[in-house]
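Colleague: I should be grateful for a close look at a single part of this model. Please concentrate on the charged side chains that pair with one another, and on their surroundings.

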Amino acid sequence: MGAVKQKQIEEMEKETNEEEAKQEKIWAEEDRLEEEAEARSIEEAESGEAEWEAEEEERQIQAYIDKTEEQYIDDQIEKIFERLESKLENGKWRT
């Protein structure tokens, strides 16, 4: 009878060891998945930051273009007024 009980104990230990090994594999897989999720989260955050930086750069470029266009228009208006003043001074403009 002692041999049967010893066999049962060994079988139970074996099952316990197998269950522990399965649980360790599950934990290892959970850890791996968590690390992947964290890496994806970091990549997404960096990607979002890069996208934001690109959008900000685009806004700055557009602001520069707008300012340049506005300055060009102002310069052209100033030249027109200078020509008009010149014509008035030279008597080429009739009032």
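The reply below takes up the salt bridges and then turns to a nonpolar patch.

Modeller: Please bear in mind that this is a predicted model. The structure holds 4 salt bridges, and three of them are described here, beginning with those that share a residue. Side chains of opposite charge can pair when their charged atoms come close.

The part to examine most closely is centred on arginine 32. On one side, the side chain of arginine 32 meets that of glutamate 29 in a salt bridge, with an N to O distance of 2.5 Å. Both residues belong to helix 1, where they lie 3 residues apart, or about one turn of the helix. On the other side, arginine 32 forms a salt bridge with glutamate 36, here with 2.2 Å from N to O. Because arginine 32 and glutamate 36 are 4 residues apart in helix 1, about one helical turn separates them. Glu29, Arg32 and Glu36 are thus linked in a network of salt bridges.

How exposed are the members of this network? Glutamate 29 has a relative accessible area of 35% and is partly exposed. Arginine 32 also counts as partly exposed, at 35% relative accessibility. Glutamate 36 is placed in that class as well, with a relative accessibility of 36%. The class of partly exposed residues runs between the limits of 20% and 50% relative accessible area, so a value of 35% or 36% falls inside it.

A further pair is found in helix 1. The side chains of glutamate 56 and arginine 59 meet in a salt bridge, with 2.8 Å between N and O. Since glutamate 56 and arginine 59 are 3 residues apart in helix 1, they too are separated by about one helical turn. Glutamate 56 is partly exposed, at 25% relative accessible area, and arginine 59 is likewise partly exposed, at 44%.

The surface also has a nonpolar part. Tyr72, Ile73, Ile77, Ile80, Phe81 and Leu84 form a nonpolar surface patch, and together they have about 580 Å² of accessible area. One of these residues, isoleucine 80, is found in helix 1, which comprises residues 2–89. Isoleucine 80 counts as partly exposed because its relative accessibility is 44%. Membership of a patch requires over 30% relative accessible area, and the 44% of isoleucine 80 therefore meets that requirement.

Terms used. Residues are numbered from 1 along each chain as its sequence is written. This is a predicted model: local features need pLDDT of at least 70, side-chain atom pairs count only at pLDDT 80 or more; totals for chains, interfaces and linings use all residues. Side-chain values use heavy atoms; hydrogens and water are left out. Patches are made of residues with over 30% relative accessible area and no salt bridge: like charges are joined within 9 Å, nonpolar side chains (Val, Leu, Ile, Met, Phe, Trp, Tyr) within 5 Å. Accessible areas come from the Shrake-Rupley method with a 1.4 Å probe; for residues, only the protein chains shown count as cover. Helices (H or I, at least four residues) and strands (E, at least two) are DSSP runs, numbered from the N terminus. Buried means under 20% relative accessible area, exposed over 50%, partly exposed in between (1.4 Å probe, protein chains only).
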